[in-house]
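Q: Please take a close look at the salt bridges of this structure. Which residues take part, and where do they lie?

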Amino acid sequence: MDTARLASPAPTLQQLFAEHGRKELLRLAVVGSVDDGKSTLIGRLLYECDGLFEDQILAVRRASAKRAATARQTGAAHEATAGEEIDFSLFTDGLRAEREQGITIDVAYRYLSTARRKIIVADTPGHLQYTRNMATGASTADAAVILVDARLGVLAQTRRHAYIASLLGIPYLAVAVNKMDKVDFDRATFERIGSELEHFARTLGFEQVRLFPVSASQGDNITRTSARTPWHEGGTLLSWLEALPRQSPQAPQTLRFPVQYVLRPHLDYRGFAGQIASGTIRVGDEVRVAPSGRTTHVAGIDTFDGSLSEASAPASVTLRLADEVDVSRGDVLTHVDQPPLALHQLDAMLVWFGEQPLDCSRRYLVKHTSRTVPAHIEQVVWRKELEDLSEVPAETLALNEMGRVRVLCRRPLLADAYRGNRRTGAFIVIDPLTQDTVAAGMILGASETTSGNAHAHSLVTSSERRNRLAQRGGVILLPSGPDTRVHAYQLERALFDAGRHVAVAGEDSEAALALAGAGLYAIVHPSAPQARRALRGLARDAEVSWFEAVADGTPEQWIQAIVGTEERAS
């Protein structure tokens, strides 16, 4: 009888869950150029940490054998030899196109568990075309592993990925010089490549840079120390991952709750749904609504599973407030003594992903937390030259180039500097015509020219315009319908005959806001519901007068309402 087994009964499922819950979580990004072995490294980690199911292993064994047989038939001897063993890259290359091309296209997240911690691994693409996906995968990481092919050394894409990782605020970097078996585990080769990339990485501000000579396909220095590198005293990659501090010292604790949706299922319930970007909120906390500045208290924290007394990032919750304050999508709830910045003009680091170069004369959309605003990138202050990290004067950014830019937003971003809060300090830039994401940005702070440039704002005040035109001006939103365009021109005619300066802006919300800002009445009738909602927010932030025509009214009734509003305001 096995008395040892009787003395140590197998843990129950609840005990396993409890033990798993106590493990520390680490988010890891694996980056590098094409064919440096990222997928193979992750596959090896998963395999040796028991992070795979038996059917997955069997499927990859069959695929590896099939690939080896095909290689032997085509005379590719080196691939045939490699294919007799498990091809670890097949554990992560999930897309058919990835397997066909042998490259990673999209970000693949994998999960593994060690004795000390849980690790979420982001397998990021190395191809130049998919740099945007690499940045996406690395944006939430606490640490990064950058791979270098020992035969090729440090490439331009390697430097680019290291720089993006530093921009994204990743504090810990491991340099894995891979395919050491292809260079006979030559110490001089490792030290030459390692010192070059270590010197480059340290200038980028990483807190810790560690070097590992590895062979992902053979398993050297991944989870077990290799006897073929007796000169390496830095341990294994897995031991480094387990020894990293639990949390980045930059992890923010300031409460940021961007409102994503207002819930009003019936008259007795009004809640504000969203994901806590950072910090902790409790029932009874006094909170401030940005940008209005109104304050109230948290009356309740609701979730699908019931109410909570407190919640922390990254939980998704619905907050009930003690007072009926005005809160809309895009507003941010914070503690009263920790308001965010409200930035119209800001400086940011930008990584350009668009096929078309940055055009400073065009309008773009900036998406920041739950708020999307029209914006212009006014100026490229400089472009980063990755060979020597110099700052080069530039007027634009091309595909995969990075630089410092100055952004002017039509509505303020309720944000923080990226170095203080990675969640509310980041944004993406969208091309409004194609809806493609063309850039990722990290906020540095308010524009350095905001306070000193007196010509950045109009010298004519709104009251001066009203006095000159003898009218308040504003945006007039008509209800959508089959006769909307006809009604728009009828209303324009009637208002003009009544002595008002007025123009029809059609569905162009931006033109309507510009006309209203210049003191005219601008009649606008966007058909899309989201465009109408956005226009309400834009008009509120721009502080222009607002008239919304009732759906069952006539142009004559609308005029009476507008005139009545004018008289009450005068």
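A: A salt bridge is counted when a side-chain nitrogen of Lys or Arg lies within 4 Å of a carboxyl oxygen of Asp or Glu. By this rule, Glu 24, Arg 116 and Arg 117 are joined in a network of salt bridges. The model is predicted, so local features need pLDDT of at least 70 and side-chain atom pairs count only at pLDDT 80 or more, while totals for chains, interfaces and linings use all residues. Residues are numbered from 1 along each chain as its sequence is written, and side-chain values use heavy atoms, with hydrogens and water left out.

The general principle is that side chains of opposite charge can pair when their charged atoms come close. Within the network, Glu 24 forms a salt bridge with Arg 117, and their closest N and O atoms are 3.1 Å apart. Glu 24 belongs to strand β1 (residues 24–32) and Arg 117 to strand β3 (residues 117–123), so this pair ties together parts that are 93 residues apart in sequence. Strands (E, at least two residues) and helices (H or I, at least four) are DSSP runs, numbered from the N terminus.

Are these two partners buried or exposed? A residue is called buried under 20% relative accessible area, exposed over 50%, and partly exposed in between, with a 1.4 Å probe and protein chains only. Glu 24 counts as buried because its relative accessibility is 17%. Arg 117, with a relative accessible area of 0%, is buried as well.

The structure holds 20 salt bridges, and two further examples may be set beside this pair. In one of them, the side chains of Arg 383 and Glu 385 meet at 3.5 Å, N to O. Arg 383 is buried, since its relative accessibility is 18%, whereas Glu 385 is partly exposed at 26%. In the other, Lys 384 and Glu 391 are joined through their side chains at 3.9 Å, N to O. Lys 384 has a relative accessibility of 13% and therefore counts as buried, while Glu 391, at 47%, counts as partly exposed.

To return to the part requested, the network consists of Glu 24, Arg 116 and Arg 117. Its bridge between Glu 24 and Arg 117 connects strand β1 with strand β3.
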